[in-house]
Amino acid sequence: MMETAKIGFEETLWKAADKLRGSMDASEYKHVVLGLIFLKYISDKFEMKYNELVEEGEGFEEDRDEYIAENIFWVPKKSRWEFIKDHAKDPKIGQYIDEAMIEIEKENPSLRGVLDKRYARPEIDKRRLGELIDLISTIKLHSKQEKDLLGRVYEYFLGKFASAEGKGGGEFYTPQSVVKTLVEMIEPYEGRIYDPCCGSGGMFVQSEKFVERHQGKIDNLSIYGQELNSTTWKLCKMNLAIRGIEGNIGDHHADTFHNDLHKTLKADFILANPPFNVSDWGGNELVDDVRWKFGTPPASNANYAWLQHIIYHLAPNGAAGIVLANGSLSSNTSNEGEIRKNILEADLVDAIVALPDKLFYSTGIPVCLWILNRNKKNHPKYRSREHEILFIDARNMGQMVDRRLRELTEEDIQKIAGTYRNWRKPDGKYEDIKGFCKSATLEDVRQNDYVLTPGRYVGISDVEDDGIPFEEKMETLTSELRELFEKSHRLEEEIKKNLGGIGYDI
């Protein structure tokens, strides 16, 4: 089974699970499937430790403390997967699963209010539920050989559910290629990392993977987050628990603007994909908020509220990467232009990246990345970029993975991130590339009325000369056009003739 996982097991499992969905909406089915996967995982991990204790022969296999000491969730007998599997065909299986979830929450305080308990509802087909349990029973989600199998399955399923939900999917999921680009740019090796709208926790997961790829220590990262949507907050809690990531995302969902759970936090790294252009964020109630240092954001759009909230929470040497709608780069309505000017004059903007369209499940519009830095002049690791801003135009990057969705390739990600990293290094081998990147000055931006659209700065790339003289190209083109005109004329006469034959003259 582990070998199967290496050749697209996630996709095979998804296709099988999706067939069992029936008439249930993806938004509902998501919680049914992911809840069962989570239950199977903690049960598998528990079982592995249980068997070790049985082999030791000391009789401690039912001693709760043996599991808690190793950060393994305690799973009561009737919550273990073996019990669930044995009752998969029982008409009361939904009730058994709900009871299993309730007992696990009772025994593990960190999971209180997190697990889904909707399996007994009449609208869930119990025959299909039993088949789903049989399917999930075929995989072992925790083993010494394949520790990240569950993480891979869970992440894959999150992406597939986001795709199936379409517009609603963007609420809980930021595509991996976008998250990875941000993480590769700001390099969160160690310190406090914060996401004020954390969705299902993708920013934290990719940050952990970044540290692992660079042989760092996960323990050097402290995670803080917040999420408004209650069901998405639960997904995040499960996603972090699956990977053993300790994260402070509060013990409940909460509105970041009106109930900031981390008021005193100054983060070393902030990664965020706020919901685009939110118009009902309650700005009228926060007119004199301490976070609006650069101007009061309009009540009709939260983009600049997010930007200022993030700046407020940055540590003195902190860096942030934010995904925003392209309108944030040039809007002058309702004080946004003035706020952008003030942020730029404070020299907080390090880089702007224009991304291609169709990267998100929730919208087809192109978006941009804002890279902010609190200390561009005297940062201990990087050269002074005082009054400099890097613009990258990546609109032509990525490849279509289906008719609706584009992904940035690994090569694209490294080209974008590598360009930014070289630009800020003391000895970086950076150079402007026409049509792709430009290191502009603050004065350049002033002359462009503080508009940050990268295309204004990077210019248009030179078209490679194919060596064919202009006169020769024009002769070929006009010859082809003449042939097309002649063909069009013949077709026109043929149509007139046919219409005349049935009594319709033109």
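**View 1. The second largest pocket of this predicted model holds about 560 Å³ of space.** Its lining counts 21 residues, with N71, F73, S110, A241 and E246 lying nearest the centre. Three elements each give two or more residues to that lining: helix 3 (26-56), helix 4 (64-68) and helix 11 (230-242). Helix 11 chips in the most, with three residues. Sorted by character, the lining of this pocket comes out as ten nonpolar, five polar and six charged residues.

**View 2. L182 sits in helix 9.** Is L182 buried or exposed? It counts as buried because its relative accessibility is 0%, and the cut-off for buried is under 20%. Skipping neighbours within four places in sequence, L182 touches M203, L271, A272, G321, I322, V323, L369 and I371. Take A272 from that list: it is 90 residues away from L182 along the chain, yet their C-alpha atoms are 9.1 Å apart.

**View 3. Helix 14 covers residues 410-424.** From first C-alpha to last, this 15-residue helix reaches 21 Å, close to the 21 Å expected at 1.5 Å a residue. Its buried residues are D412, I413, I416, A417, G418, T419, Y420, R421, W423 and R424. What do they pack against? The partners are helix 9 (176-186), plus strand 6 (349-354), strand 7 (367-373), strand 8 (388-393) and strand 11 (437-441).

**View 4. Residues 1-7 have pLDDT under 50 throughout.** For this stretch, the model has 13 contacts beyond four places in sequence. As for the whole chain, pLDDT averages 86, and 89% of the residues score at least 70.

Conventions: Residues numbered from 1 in each chain as written. Predicted model: local features only at pLDDT ≥ 70, side-chain atom pairs only at ≥ 80, totals over all residues. Heavy atoms only, no water. pLDDT = per-residue confidence, 0-100. Contact = heavy atoms within 4.5 Å. Helix = DSSP H or I, 4+ residues; strand = E, 2+ residues; numbered from the N terminus. Expected span 1.5 Å × (residues − 1). Buried < 20%, exposed > 50% of the residue type's maximum accessible area, 1.4 Å probe, protein only. 1 Å grid on protein atoms, 1.4 Å probe; cavity = no way out; pocket = protein on both sides within 12 Å on 5 of 7 lines; lining within 4 Å. Points joined across faces, edges and corners; volume = space filled by probe spheres on them. Nonpolar A, V, L, I, M, F, W, Y, C, P; charged D, E, K, R; others polar.
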